[in-house]
Amino acid sequence: MSLMTQETTPLVLNVTRGEFELVCPAKDTPREQKLVSDIDDQDGLRFQMPAIMFYRADPSMQGKDPVKVVKDALAKALVFFYPYAGRIVEGPKRKLIVDCTGEGVPFIEAEADATLEDFGGEIHPPFPLEELLYEIPNTDAMVGTPLLIVQVTRLKCGGFIVALRCNHVISDGTGVMQIMNAVGEMGRGFVAPSILPVWDRERLLARDTPNVTFPHPEYDQHEEVDHHSNGEANLVQKSFLFGPTELAALRRHVPLHIKQFSTFDVLSASLWRCRTIALGLDPEQEIRLLFAVNARNKFNSPLEKGYYGNACAFPAVCAKAGDICKNGVGYILEKIRSVKNEVNEEYMRSIMDLMVTKDRPHFTVHQTYVVSDLRHLGFADVDFGWGKPVFGGPASNGSIPDASFFISFKNKKGETMVMVPVSLAPPKMDVFINELRGMLQAQL
């Protein structure tokens, strides 16, 4: 079995863009200030999150302009999701607040001299994002900048691309998908979104008397910032592709007594093990694996279906490097499962209380590998009237030295593939590939 990797050179595109214009809610909306939750405004979520969707031409939509359809639908959706049309202000103790000013979402109309076919038979990151999503100067900060930016690019074949950037403080991936699905529904003639948005951030504020009841190694702050890359600037990035055959090969490493584990679990365990071996760390070095757990259903009662704020925990599996290298995947899976099982309402309350007592700390970066599963966020379901996208998901392959984001796409045979970007220094990448190949080819 060959280990499939993807080279990471995006297509060169020639795109003509208009000036951005602000799309405001189609009707008057409340002018008010809304506190975000104490999960929302932690340091680790204060960044901009890009996503992208590719659509084919549809003969039944002949004569309809996707730019106009998406723009009008966005204005209608913003009536329900009006905080997105506001701006963030900062209150005392670094508390972030959405000022619902209704000033609008920047919208960019563009044309590309390309067809969908020019992106190849398989559409997946990396994409020429600087062309498909205009970077409006001075909009990267958290405070006083747009919470959402949308660009619609027409293609020569009649297809089109919708790219967007959302401030992570106002929504996690599930929440962004919710507003985009609402835009799709309004584009298809709905008078209201099928899932009405729910703010309800007050439920996720710290207790009056904060009480941190869990250790939370995911937020440990170390004196020195010791990235895995060890200051090596010449990292190489490769994207690894896992289809049904590769995933079946990795599952064969799981001992029979372990019954409950997901594709995400077994991939994360395998990658962490290969990566740790490749890094050649001191066997006594403590290392961490951080992963997202959606906690919407962990509350009593669960958060409402329309809740579009951040509702994930990022618990850490802690271990010594030597234990990860010498033990099999089953050992790591057991650790992942026990950490996952810790996440309940009290765990989330403990995080909120930690945020207000420790000045909203960032995630730990000390010998930490972050994995995040972006395969099921729902971008692949957003339909503006042209059907579901050929590809819908993160706009970049999210490769930062110490993180891998799992992305889903269909290959030429129609099989669902998982794409995982990994960044390592060249000699370490060679070791990583050999270890992973060994796991895929092992005769068990």
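Which hand does the crossing of α5 and α7 have? The tour comes to that crossing at its second stop, after a word on the model.

This is a predicted model, in which local features need pLDDT of at least 70 and side-chain atom pairs count only at pLDDT 80 or more, while totals for chains, interfaces and linings use all residues. Residues are numbered from 1 along each chain as its sequence is written, and side-chain values use heavy atoms, with hydrogens and water left out.

**First stop: α1 and α3**

Select helix α1, residues 66-80, together with α3, residues 173-187; helices (H or I, at least four residues) and strands (E, at least two) are DSSP runs, numbered from the N terminus. Two packed helices are described by the angle between their axes and the distance between the axes. Here the axes come within 8 Å and cross at roughly 120°, where axes are lines fitted to C-alpha atoms, for helices over the stretch in contact, and angles run from 0 to 180 degrees between N-to-C directions. The two helices are therefore oblique to each other, given that angles under 35 degrees count as roughly parallel, over 145 as roughly antiparallel, 65 to 115 as roughly perpendicular and the rest as oblique.

To see the contact (heavy atoms within 4.5 Å), show Val69, Val70, Ala73, Leu74, Lys76, Ala77, Leu78 and Phe80 of α1 with Ile179, Ala182, Val183, Met186 and Gly187 of α3. These residues divide into 11 nonpolar, one polar and one charged, where Ala, Val, Leu, Ile, Met, Phe, Trp, Tyr, Cys and Pro count as nonpolar, Asp, Glu, Lys and Arg as charged, and the others, Gly among them, as polar.

**Second stop: α5 and α7**

Next select α5 (residues 263-279) and α7 (residues 329-342), whose axes come within 9 Å and cross at roughly 120°. That angle makes α5 oblique to α7, and the crossing is right-handed; a crossing is left-handed if the near helix is turned anticlockwise from the far one by less than a right angle, and right-handed if clockwise. From α5, Asp265, Val266, Ser268, Ala269, Ser270, Trp272 and Arg273 meet Val329, Ile332, Leu333, Ile336 and Lys340 in α7. Sorted by character, the residues of this contact are seven nonpolar, two polar and three charged.

**Third stop: three arginines**

Stay with Trp272 and add Arg288, since Trp272 is among the residues that Arg288 touches. Arg288 belongs to strand β12, residues 286-291, and is buried, with a relative accessible area of 5%; buried means under 20% relative accessible area, exposed over 50%, partly exposed in between (1.4 Å probe, protein chains only). Its side chain makes a polar contact of 3.1 Å with the side chain of Asp220 and another of 3.3 Å with that of Thr364. A polar contact is a pair of N or O atoms within 3.5 Å; within protein, one must be able to donate a hydrogen and the other to accept it, and residues adjacent in sequence count only if both atoms are side-chain atoms.

Move on to Arg296, in the loop between β13 (293-294) and β14 (312-313), which is buried as well, at a relative accessible area of 10%. The side chain of Arg296 reaches the backbone oxygen of Gly309 at 3.0 Å, and among the other residues that Arg296 touches are Asp172, Thr174 and Tyr307.

For the third arginine, select Arg207 in the loop between α3 and β11 (236-242), where a relative accessibility of 25% counts as partly exposed. Its side chain is joined to that of Glu346 by a polar contact of 3.1 Å, and Arg349, Ser350 and Asp353 are among the residues touched by Arg207.

**Last stop: backbone details**

Most residues other than glycine have a negative phi, and most peptide bonds are trans. Select Pro125 and Pro126, joined by a cis peptide bond with omega near 0°, and then Asn300 and Ser301, whose peptide bond is cis too.

Is His216 buried or exposed? In the loop between α3 and β11, His216 counts as buried at 2% relative accessibility, and its phi is near 50°, a positive value in a residue other than glycine. Asn138, in the loop between α2 (129-132) and β9 (148-154), has a positive phi of about 60° although it is not a glycine, and at 75% relative accessibility Asn138 counts as exposed.

Technical notes:
Lists of a residue's contacts leave out its neighbours within four places in sequence.
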